[in-house]
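Here are my notes on this entry, set out as numbered points. Please read them with the structure open.

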Amino acid sequence: MKVLLVFAHPEPRSLNGALRDIAVKELEALGHEVRVSDLYAMRWKPEVDRADFPALAPDARLKVAAASGEAFAAGALSEDVKAEQERLLWADVLILQFPLWWYSMPAILKGWVDRVYAYGFAYGVGELSDRHWGDRFGEGTLAGKRAMLIVTTGGWEEHYSTRGINGPIDDLLFPINHGILYYPGYDVLPPFVAYRVDRLDDAGFQSVAERLRERMRTLGSIPPIPYRRQNGGDYLIPSLQLRPESGDPAASGFALHRNDAAAPGRDAGSDTTANTSVCEFSRDR
Ligand code: FAD
């Protein structure tokens, strides 16, 4: 398989840097072809602004979605964005790797999504009518490909459990997994999460590393999270509400948008690795 790993950490000698190298080495040993977009090393420009649309008239008001769609259709997006889009089309699997910062991804990675996911490429794709609300959430440009997150956290696994103060990790990652990866069509694999990593000892590091190698070995076979397809019959169109008869009536929140009953055999929740350490986000024992 061809794998694109988009890496968002400012320090190559960080834990994330070490885990990236382990993932790449394992994938290459398995015969996969790997490319890495190291956003800090590339000095990736994270903000969307006029410079993204070189063909826009200097006196024209910037309307981002419209400018994005016109530039994409004309092949006139900036070269850095076009190069990342080509990498996405090249890859069978996309991995986004980052430390959890303020319950989300680092700004540089969000800026990669904002710019690379152009109108006509990642959104604004397909027929928009009362019968079909665009090719998205399971359909779209990147359909048929797989994607997953590699995330490290300071907080403990318990803090991200069902009753944990941070909220469940699968809820926190839902906007990324469902809103960013599933939206343009990816089959989204359970995230690899390493918790409580800030003072990881060597044994903890070896444990995380081995769990990560194992996840890389199952990249092509692990079942994706069973999100419901927008155009698969579960949703009313155009209100895009889940039909009353679809799913457990007692379910609520993000879990509504999974169809676990249709999933083959296994719980596709996050793959976790707990460690022993203390940090700003895990101080309260
Ligand atoms: P590093 O600091 O590089 O390493 C962590 C530890 O791993 C090191 O101390 C060392 O013990 C070990 N280690 C590193 N490299 C190796 C190696 N090669 N071999 C063996 N051991 C090694 N956490 C949350 O839970 N929720 C949040 O919302 C959150 N927000 C944050 C916001 C900011 C701005 C920051 C800076 C941190 C935040 N954190 C949060 C904590 C953050 O998620 C962790 O600090 C981060 O995941 C650690 O990853 P790292 O690669 O930076 O680790």
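1. R213 first. This is a predicted model, and in it R213 is partly exposed because its relative accessibility is 24%, where the partly exposed class runs between under 20% for buried and over 50% for exposed. Its place is helix α7, residues 202-217, which also holds E210. The two are three residues apart, about one turn of the helix. Their side chains meet in a salt bridge, with N to O at 3.0 Å.

2. Now E210. Its relative accessibility is 36%, so E210 too counts as partly exposed. E210 has a further salt bridge, to the side chain of R217, at 2.9 Å from N to O. R217 has a relative accessible area of 37%, and therefore is partly exposed as well. Through shared partners, salt bridges join E26, E210, R213, E214 and R217 into one network. Check these five together when you assign charges.

3. The total for salt bridges is 17. Side chains of opposite charge can pair when their charged atoms come close. One of the pairs is D38 with R20, at 3.1 Å from N to O. This pair links distant parts of the chain: D38 belongs to strand β2 (residues 33-38), R20 to helix α1, and 18 residues separate them. What is the burial state of D38 and R20? Both D38 and R20 are buried.

4. Next, the ligand. How many residues surround it? The count is 21, and the closest are H9, T152, Y160, D198 and L200. Helix α1, residues 15-29, gives the largest share of this shell, with three residues. R20, from the buried pair above, is also in helix α1.

5. Polar contacts of the ligand. A ligand oxygen lies 2.6 Å from an N or O atom in the Y160 side chain. Y160 is also among the closest residues of the shell. Two contacts go to the backbone. A ligand nitrogen is 3.2 Å from a polar backbone atom of G154. A ligand oxygen is 3.5 Å from a polar backbone atom of V197. On its own the ligand has 990 Å² of accessible area, and the protein covers 71% of that.

6. The surface. W101, W102 and Y103 make a nonpolar patch of about 380 Å². Y103 sits in the loop that runs between β3 (93-99) and α4 (107-116). Why does Y103 count as partly exposed? The reason is its relative accessible area of 30%, since partly exposed covers values between the buried limit of 20% and the exposed limit of 50%.

7. Last, A76. This residue lies in the loop between α2 (64-73) and α3 (79-90). Its relative accessibility is 22%, so A76 is partly exposed. Which residues does A76 touch, leaving aside those up to four places away in sequence? They are D52, P54, A55 and A71. P10 is another matter: A76 and P10 are 66 residues apart in sequence, and their C-alpha atoms are 30 Å apart in space.

8. To recap for your own check. The network of E26, E210, R213, E214 and R217 is held together by salt bridges that share partners. The D38 and R20 bridge has both residues buried. For the ligand, look at the side chain of Y160, then at the backbone of G154 and of V197.

Key
Residues are numbered from 1 along each chain as its sequence is written. This is a predicted model: local features need pLDDT of at least 70, side-chain atom pairs count only at pLDDT 80 or more; totals for chains, interfaces and linings use all residues. Side-chain values use heavy atoms; hydrogens and water are left out. Patches are made of residues with over 30% relative accessible area and no salt bridge: like charges are joined within 9 Å, nonpolar side chains (Val, Leu, Ile, Met, Phe, Trp, Tyr) within 5 Å. Accessible areas come from the Shrake-Rupley method with a 1.4 Å probe; for residues, only the protein chains shown count as cover. A salt bridge is a side-chain nitrogen of Lys or Arg within 4 Å of a carboxyl oxygen of Asp or Glu. Helices (H or I, at least four residues) and strands (E, at least two) are DSSP runs, numbered from the N terminus. Buried means under 20% relative accessible area, exposed over 50%, partly exposed in between (1.4 Å probe, protein chains only). Contact means heavy atoms within 4.5 Å. A residue is near a molecule or strand if one of its heavy atoms lies within 4 Å of it. A polar contact is a pair of N or O atoms within 3.5 Å; within protein, one must be able to donate a hydrogen and the other to accept it, and residues adjacent in sequence count only if both atoms are side-chain atoms.
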